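Me: Could you take a close look at one part of this model for me, the small run of paired strands and what surrounds it, and then place that part in the rest of the chain? I would like one connected account rather than a list.

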Amino acid sequence: MTKVATALRSQVEEEEPPGLITTRNEMIVEEEEPPGRTAVTDGTAVINENSFPTQIQQENWSDWKWQFRNRITTVEKLATLIPLSAKEKTQLKLVTAKYPLSVTPYYLSLINVYDPHDPIRKQAIPAFEEITLGHVGLEDPLGEKRDSVVPGLVHRYPDRVLMVLTDICPMLCRHCTRKREWHNGGWVHTPGEIKAMLDYIHKHKTIRDIILSGGDPLTLSTRRLEDVISKLRQIDHVEIIRIGTRFPVVLPQRIDDELCTMLSKYGPIWLNTQFNHHHEITPESAAACNRLLRAGIPVSNQSVLLRDINDTTEKQTKLCHGLLKIKVRPYYLFQCDEVQGTEHLRTSVETGLKIIEGMRGHTSGLAIPTFVIDLPEGGGKVPLQPNYVLTQTEEELVLRNYQGRFVWYRNPKDKASPELTTAAELDNPFVDSFNEAQRQLQPVRVRNENRARIRP
Ligand code: SF4
């Protein structure tokens with residue numbers, strides 16, 4: 001066993017749980033026994049040979065509570081596990097004084113420690129730019145504080161609410177939108193606070209969709225989570241429960257039989273996770289998604305577009321093809337939010353549009369996520385598409401296909417529209433300017449009464 005391997009084994013197996021997970025109402029993992037464990041043949045598992053050529057007891061490695069307790073949260077500990085120069089250590093200490101570090105042993109094991117540009121490393125290990133560019137961006141870009149109706153409950157859209165149960169995550173993603181919460185040292189909402197959220201939902205009958213979020217809501221013990229979910233299910237007008245979690249990616253062992261059995265009782269439950277790179281698709285994460293699907297919980301992916309991590313068509317295609325192979329639907333590709341401490345990971349909007357354009361036509365629509373900007377100040381999500389409509393009139397459109405060819409398309413008449421046009425609409429300046437825009441398009445219009453045709 002190498003020196004690094006010996007260090008990993010002794011430190012990771014013997015260390016006490018970090019202080020972060022001790023909370024005021026003990027709602028998280030420590031209070032219950034570990035869930036059922038996977039049988040092993042020889043009692044040990046070899047971890048990613050590129051990164052940690054060591055052995056850890058399989059029993060521990062498969063136990064999500066062990067993984068959670070043994071998160072790497074200090075620069076000193078990290079330095080014993082991956083090679084760090086003196087300069088890197090100094091910079092890491094400066095960054096973590098503002099933005100803490102937390103990585104699960106599982107996720108750390110996915111890093112190729114000899115590649116400074118490793119996509120897993122960039123998501124997990126702090127970069128000096130987090131503070132050197134820390135003045136750029138906003139602390140709370142989505143204006144969540146403003147839309148909080150009771151502590152932890154964000155009500156922005158009429159029919160759905162975001163229920164933030166905790167600010168604790170097993171891994172602190174360097175691009176996190178809620179990075180501002182990391183300073184608060186780890187909290188879980190008290191039973192009283194959760195009751196206040198439930199009371200609000202009870203009273204507001206337009207709310208049909210609940211998103212459980214955080215931090216990561218699966219940080220709560222299965223029993224505590226069931227307590228919240230079962231109460232939500234007792235509210236008649238709550239139709240859908242969604243869970244936003246990165247556990248399938250950063251600590252897939254959490255998705256155990258106990259959790260899946262519990263969730264299967266309270267459907268429909270939809271789970272959104274966040275794979276950002278195809279290296280995150282492993283036998284463990286695939287098995288976690290499979291367990292969820294077998295429990296009747298559809299799994300979708302909401303990835304974040306990240307500079308030098310997944311910002312090419314090739315990488316996104318590999319990611320989305322990998323997701324389809326494990327039966328996870330590529331749902332959203334988010335433009336990275338304008339969060340302080342993340343500027344070095346943000347890309348231009350054009351990058352996202354080029355990726356979508358590069359995928360369209362070259363793979364099935366099922367593999368293509370919707371590219372979205374979540375607008376600042378609570379403006380909501382706006383989907384962006386490459387521009388395929390070159391001109392448009394009441395009669396025809398000129399469209400550009402994925403090969404760059406122009407296609408004329410006859411626009412069927414909407415018979416209902418004249419009857420729906422009211423006097424008020426006719427006086428509407430918007431209608432006037434729209435009609436004027438249409439008139440300006442006339443010179444390029446080509447009559448084609450029968451069908452679309454392809455220009456050579
Ligand atoms: S899992 Fe989500 S909330 Fe938690 S650190 Fe990562 S991005 Fe932020």
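Reply: S148 stands opposite V154 in β4, and this pairing belongs to a predicted model, in which strand β3 (residues 148-150) runs antiparallel to strand β4 (residues 153-157) and is joined to it by two bridges. The turn between β3 and β4 is a hairpin with two residues between the strands, where G152 takes a positive phi near 95°. On its other side of the pairing, β4 meets strand β5 (residues 160-164), again in the antiparallel sense, over three bridges, and the connection from β4 to β5 is likewise a hairpin through two residues. Within this second pairing, L153 stands opposite M163 in β5.

M163 is a useful residue to follow outward from the strands. Leaving aside residues up to four places away in sequence, M163 touches G152 and L153, and also M197, I210, I211, L212 and S213. G152 is the residue with the positive phi in the hairpin of β3 and β4, while L153 is the strand partner already named. M163 is also, with Y107, V161 and M171, one of the residues that touch the most other members of the largest nonpolar core, which has 69 residues. Because domain 1 (3-132) and domain 2 (148-384) both give residues to this core, it lies between them. In soluble globular proteins, nonpolar side chains tend to be buried together. A second core, separate from that one, has nine residues, including V304, L306, C336 and F371.

The contacts of M163 with I210, I211, L212 and S213 lead to β6 (209-213), which is followed by a loop running to α10 (222-233) and holding G215. The peptide bond from G214 to G215 is cis, with omega near 25°. Both glycines are also found around the ligand, whose surroundings consist of C169, L172, C173, C176, R178, G214, G215, D216 and R246. Sorted by class, that shell has four nonpolar, two polar and three charged residues.

Further along the chain, a few other backbone details deserve a careful look. A cis peptide bond is also found from G267 to P268, with omega near 0°, and P268 sits in the loop between α12 (257-264) and β8 (269-273). D308, in the loop between β9 (299-305) and α14 (313-325), has a positive phi near 60° although D308 is not a glycine. D308 counts as partly exposed because 13 C-beta neighbours lie inside 10 Å. K327, found in the loop between α14 and β10 (329-335), has a positive phi of about 65° and is not a glycine either. K327 is partly exposed too, because 13 other C-beta atoms lie within 10 Å.

As for the chain as a whole, it contains 18 helices and 16 strands, and buried residues make up 35% of its 456 residues. Among contacts in the chain with a separation of 6 or more, 78% are between residues 24 or more positions apart. The contact of M163 with M197 is one example of a link between residues distant in the sequence.

Note on methods. Residues are numbered from 1 along each chain as its sequence is written. This is a predicted model: local features need pLDDT of at least 70, side-chain atom pairs count only at pLDDT 80 or more; totals for chains, interfaces and linings use all residues. A nonpolar core is a set of buried Ala, Val, Leu, Ile, Met, Phe, Trp, Tyr and Cys residues joined through C-beta atoms within 7 Å. A residue is buried if 20 or more other C-beta atoms lie within 10 Å of its own, exposed if 12 or fewer, and partly exposed in between; C-beta atoms are placed from the backbone. Domain bounds come from an automatic or database domain assignment. Two residues are in contact if their C-beta atoms, placed from the backbone, lie within 7 Å. A residue is near a molecule or strand if its C-beta atom, placed from the backbone, lies within 6 Å of it. Ala, Val, Leu, Ile, Met, Phe, Trp, Tyr, Cys and Pro count as nonpolar, Asp, Glu, Lys and Arg as charged, and the others, Gly among them, as polar. Helices (H or I, at least four residues) and strands (E, at least two) are DSSP runs, numbered from the N terminus. Two strands pair if DSSP finds at least two bridges between them.
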